[in-house]
Every structure is written in structure tokens, then in C-alpha cells.
Amino acid sequence: MDLGAIDCDSARRTRACGRRLGRLLQPGDVVGLEGPLGAGKTLFVAGAAEGLGIEAGYRVASPTFTLINEYPGRLPIVHVDLYRLEDHAEMHEIGVLDYLGGAGVCLVEWFERLAGAQLPDHLRVTIEVQGDHARCLRLSASGPRSSALGRQWLAACAPRRRSGVARP
Ligand SMILES: Nc1ncnc2c1ncn2[C@@H]1O[C@H](COP(=O)(O)OP(=O)(O)OP(=O)(O)O)[C@@H](O)[C@H]1O
Ligand SMILES: [Mg+2]
């Protein structure tokens with residue numbers, strides 16, 4: 001189900017949106033990231049990890065050989081990058097699906113490579129490249145938890161109204 005979209009006119013804004021989502025994530029949440037090479041998936045995950053309180057000394061990076069990285073935070077942060085995934089046999093071999101919906105939070109780059117697999121409720125974020133620095137994040141939910149999460153996140157990312165009252 002389509003929930004809406006968030007426009008990000010800079011890398012900084014995409015990261016900040018990731019951070020806002022990270023603050024809302026709960027155990028078992030799955031976020032699938034789609035979009036072409038260089039769209040900003042890893043940058044977004046880095047923001048989300050900040051929002052999840054990634055421990056000092058850890059830095060989210062594109063894994064070169066490993067498909068799965070885990071970082072400690074407020075919740076365990078599982079960062080999966082399926083760019084190099086060969087096929088469904090390999091997916092089962094490395095046990096990607098076992099991580100989804102577990103005690104931690106899973107953020108999966110190249111989520112489309114899991115097409116056809118039985119997936120738990122997940123929020124899909126498709127990053128569309130609209131210019132050198134312009135990106136559009138399109139949200140879609142597959143179930144009740146991801147719908148609630150996506151809506152909360154959209155509200156958190158909505159442009160702030162000008163007023164004299166400081167907001168937390
Ligand atoms: N609005 C924006 N949002 C995200 N990234 C942006 C934006 N504008 C420019 N960029 C740049 O685009 C690049 C995104 O790189 P990143 O590694 O996050 O992409 P990726 O989608 O993970 O790529 P890959 O498919 O290779 O894993 C960064 O260099 C970042 O600075
Ligand atoms: Mg990446």
C-alpha cells in the first residue's frame with residue numbers, strides 16, 4: 001500500500017530523514033531499500049543507525065564482501081546489502097530471511113532481490129533519483145505495523161510549521 005513520499009533535496013536531508021525513521025524503529029521492524037546505484041541507500045541506513053543510537057566507534061559502510069553487518073545500538077541494527085546476492089539458493093545459504101523480523105531492526109539494500117520470498121511485514125522505501133542532489137523517497141507498507149510506522153515517519157518528516165513555539 002502506497003503511503004506517500006518525502007522529497008530530499010540534499011544528502012544531508014536524506015540522512016536526517018533516515019535518522020527520524022531510526023528513532024521510531026522497534027524490534028522486528030524491516031525496512032527494504034530500493035533504488036539505483038548511488039541513490040542514497042547506504043547514506044539513509046547511516047542516518048537510521050544514528051537514530052537507533054549506533055554505538056560510538058561504529059560506522060555504517062557498504063559491505064564489500066559480506067552481505068550482512070550488525071551494529072550495536074538501542075536495538076541490534078542489522079544492515080543487509082544484497083547487491084552481490086547471486087540467487088535464491090545463496091539467500092537461503094546465508095540465512096538472510098532468518099534475520100528479518102528478529103529481535104533487531106533490519107535495513108535491507110537491494111530489497112527487490114528478495115522478490116518471491118516469504119517476507120514479514122515490511123516498510124519499503126524506494127529512492128528515486130531526480131537530479132544531482134534531488135531524491136524522492138517513496139514509501140509503501142505491506143502490513144499493519146509498517147503502515148503505522150510509515151505514517152508516523154511521514155508526520156515526523158513533514159516540513160515544520162513556523163511558529164514561536166519550539167518543538168522538541
Ligand atoms: N539527496 C540525496 N540523498 C542521498 N544521497 C545523495 C543526495 N544527493 C547526493 N547524494 C550522494 O549520492 C551518493 C549516495 O551514495 P550511497 O552509497 O548512499 O548510495 P547507494 O544507493 O547505497 O548505492 P549502492 O547501490 O552502490 O549501494 C552519496 O555520494 C551522496 O552524497
Ligand atoms: Mg549502498
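## Exercises on a ligand shell, two cores and a serine

Helix 2 contributes 3 residues to the shell around ligand 1, the most of any contributor. Keep in mind that this is a predicted model. Here are three exercises to work through with the structure open.

**Exercise 1. Describe the surroundings of ligand 1: which residues come nearest, and which polar side-chain atoms lie by the ligand's own atoms?**

*Step 1.* Start with the shell. There are 17 residues around ligand 1, and those that come nearest are Thr14, Gly38, Lys41, Thr42 and His133.

*Step 2.* Sort the shell by character: 7 residues are nonpolar, 6 are polar and 4 are charged.

*Step 3.* Look for the helices involved. At least two shell residues come from helix 1 (11–24), and at least two from helix 2 (41–51).

*Step 4.* Now check the polar contacts, for which the cut-off is 3.5 Å. The side chain of threonine 14 has an N or O atom 2.6 Å from a nitrogen atom of ligand 1. For threonine 42, a polar side-chain atom is 2.8 Å from an oxygen atom of the ligand. In arginine 135, an N or O atom of the side chain is 3.3 Å from an oxygen atom of ligand 1.

*Step 5.* Finish with the surface: ligand 1 alone exposes 640 Å², and the protein buries 75% of that.

**Exercise 2. Find the largest nonpolar core and say which elements supply it.**

*Step 1.* This core has 31 residues, and Ile6, Leu21, Leu107, Val125, Leu137 and Trp153 touch the most other members.

*Step 2.* Trace the elements. Those supplying at least two residues each include strand 1 (2–8), strand 6 (123–129), strand 7 (135–141) and helix 5 (144–157). Helix 2 provides the largest share, 5 residues.

*Step 3.* Zoom in on one member. Leaving out residues up to four places away in sequence, valine 125 touches Val31, Gly32, Leu33, Glu34, Leu137, Arg138 and Trp153.

*Step 4.* Look beyond this core. Another core of 16 residues lies apart from it, with Val30, Leu82, Leu85 and Phe111 among its members.

**Exercise 3. Is serine 146 buried or exposed, and which backbone atoms lie by its side chain?**

*Step 1.* Locate serine 146 in helix 5.

*Step 2.* Compare its relative accessible area, 2%, with the cut-off: buried means under 20%, so serine 146 is buried.

*Step 3.* Look at the polar side-chain atoms. One lies 3.2 Å from the backbone oxygen of histidine 122, and there is also a distance of 3.0 Å to the backbone nitrogen of serine 142.

*Step 4.* Complete the picture with the contacts: not counting residues up to four places away in sequence, serine 146 touches Leu3, Asp121, His122, Leu123 and Ala141.

How values were computed
Residues numbered from 1 in each chain as written. Chains lettered and ligands numbered in written order. Predicted model: local features only at pLDDT ≥ 70, side-chain atom pairs only at ≥ 80, totals over all residues. Heavy atoms only, no water. Near = heavy atom within 4 Å. Polar contact = N/O pair within 3.5 Å; in protein donor to acceptor, adjacent residues only side chain to side chain. Areas by Shrake-Rupley, 256 points an atom, 1.4 Å probe, with all protein chains shown as cover. Helix = DSSP H or I, 4+ residues; strand = E, 2+ residues; numbered from the N terminus. Nonpolar A, V, L, I, M, F, W, Y, C, P; charged D, E, K, R; others polar. Core = buried A, V, L, I, M, F, W, Y, C linked by side-chain atoms within 4.5 Å. Buried < 20%, exposed > 50% of the residue type's maximum accessible area, 1.4 Å probe, protein only. Contact = heavy atoms within 4.5 Å.
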